[in-house]
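Biologist: I would like a close look at one part of this model. Please keep it brisk.

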Amino acid sequence: MNAPAVRFGAAALFLLLALPPARAWLEATMTRHMLVQIPLLVAVGVLLGGGLAARVRRALLTAAGGPLGGLTAAAFTSTYWMLPRALDAAVADVWVDAVKFATLPLLVGLPLALAWRPLGAVGRGFVWTNLISMLLFVGWLYVAAPVRVCNSYLTDDQAQAGWAMIQIAGLVFAAWFAALFVGRPRDAQRGAIGDNGLRPTPASRGQPLFR
Amino acid sequence: MRIGGRDLATTAAIALLGVAVLSWGSDGFTAFTAEAARRRQVLAEPRPLPAVGLEDQDGRRFSFADYAGRLLAVEFVYTRCDTVCYSLGAAFKQIRESVPAHRLGRDFALLSVSFDPVRDDPPRLREYAGRFGADGVHWRIARPADAGELAALLAAFGVVVVPDGLGGFEHNAAIHLVGRDGRLRRIADLDAVDAFVAGLERET
């Protein structure tokens, strides 16, 4: 897909998510809020990053402190929106929700997209393992918690969200693990030869080294 | 991945900002849920209550201002509830029995407020009073006289009511203490009745 089409996709997805009926439906249950709406808002940022010119991507990533800075911004921002209190506030107050709609694409999805290649195989592995452990930890917490953590959501809903997180963690792990070995051998190779993302090696452009 | 000095400095600044925001959003890493935050806020800064008209199980009209100068324990219920509200009713009964008889009415009163005012008319409130042994004087069961004022009342207390899809509700059930000055001062768990009653002695 070309860049304008990707940017258009990002904008369309964002507007769709921001439609009042979509917002109301997605935020009506904890499962949809945490595991559908929030990931899709992050996806908006990822798409946006993919739709930017290489020059803009480099400038933005440099300003954000390189791949490590981008990853740090994404980690803190996503952690904030995992706080049960932040979810409750987003449901109760439309302005808090507006902040959520702005920060998840711009401070999680976009920096992840910009930092993804430069991160290298080790950095990407860190992101995946971090995601899996976070899903497992929060999921287990929600299943085992004796109290309702969100005033806006039912106890059953909390347990359901917890189980869904554990299942997603399993799926993400399986997919990541499979990709390491069978799916995309070039990915592993790319990290191994020291890809810094700023000056892509032929391999990291997806071209064979020898023709 | 190569990391330069400038990148490291920027990353450190982002991390510091991140920690600051997380700390701000959780009251210094102490309140991760809205319920914990509500309890802290009330303790730190007792909240004034709105002048909402209430109607009790005998159809008498009153308001929170009528309790000025006394301590008032408030719970939120709906009379069809038989799960958490049952624990609430039981907790309130336990409080009533633990408070010295000479304080009841004179210095301390209990009030159960229904957040389902359309269904919970005075006869239903009376039936609820009977179920838990509320006398209707020192422990009244009430509903907002005007259902339109319910939202303001719940917002003032920080109570969130969610329909459970089966015709009932779930809510952040707790025991609320309104001080002699008419402000919401303390919020306690249902199973912390002893501590709640002991705390009454410390209220000025």
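How many salt bridges does the rule find across the interface of chain A and chain B? Please take me through that interface, and then whatever else bears on reading the model.

Modeller: This is a predicted model. Across the interface of chain A and chain B, the rule finds 2 salt bridges. One of them joins the side chains of Arg85(A) and Asp27(B), at 3.5 Å from N to O. Polar contacts add to the picture: 7 residue pairs across the interface qualify, with both residues at pLDDT 80 or more.

Now the area. Chain A and chain B bury about 2400 Å² between them. Carbon and sulfur atoms give 63% of that. Three residues stand out on the chain A side: Phe76(A), Arg85(A) and Asn151(A) supply 30% of the area that chain A buries against chain B, more than any other three residues. Arg85(A) thus appears twice, in this trio and in the salt bridge with Asp27(B). In residue counts, chain A brings 29 to the contact and chain B brings 32.

Next, empty space. The structure holds 1 cavity of 30 Å³ or more. Its volume is about 50 Å³. The lining comes from chain B and includes Phe64(B), Tyr67(B), Leu72(B) and Val178(B). Arg70(B) and Arg180(B) line the cavity too. By class, the lining has 5 nonpolar, 2 polar and 2 charged residues.

Last, confidence. Chain A has a mean pLDDT of 87, and 86% of its residues reach 70 or more. Residues 188-211 of chain A are another matter: pLDDT stays under 50 there. The model has 25 contacts beyond four places in sequence for that stretch. Where pLDDT is low, predicted coordinates should not be read in detail.

Definitions and conventions
Residues are numbered from 1 along each chain as its sequence is written. Chains are lettered from A and ligands numbered from 1 in the order in which they are written. Side-chain values use heavy atoms; hydrogens and water are left out. On a 1 Å grid over the protein atoms alone, a cavity is a set of points where a 1.4 Å probe fits but cannot get out, and a pocket is an open set with protein on both sides within 12 Å along at least five of seven lines; lining residues have an atom within 4 Å of a point. Grid points are joined across faces, edges and corners, and a volume is the space filled by probe spheres set on the points. Ala, Val, Leu, Ile, Met, Phe, Trp, Tyr, Cys and Pro count as nonpolar, Asp, Glu, Lys and Arg as charged, and the others, Gly among them, as polar. pLDDT is the predictor's confidence in each residue, from 0 to 100. Contact means heavy atoms within 4.5 Å. Buried area is the accessible area (1.4 Å probe) that two parts lose on being put together, summed over both. A salt bridge is a side-chain nitrogen of Lys or Arg within 4 Å of a carboxyl oxygen of Asp or Glu. A polar contact is a pair of N or O atoms within 3.5 Å; within protein, one must be able to donate a hydrogen and the other to accept it, and residues adjacent in sequence count only if both atoms are side-chain atoms.
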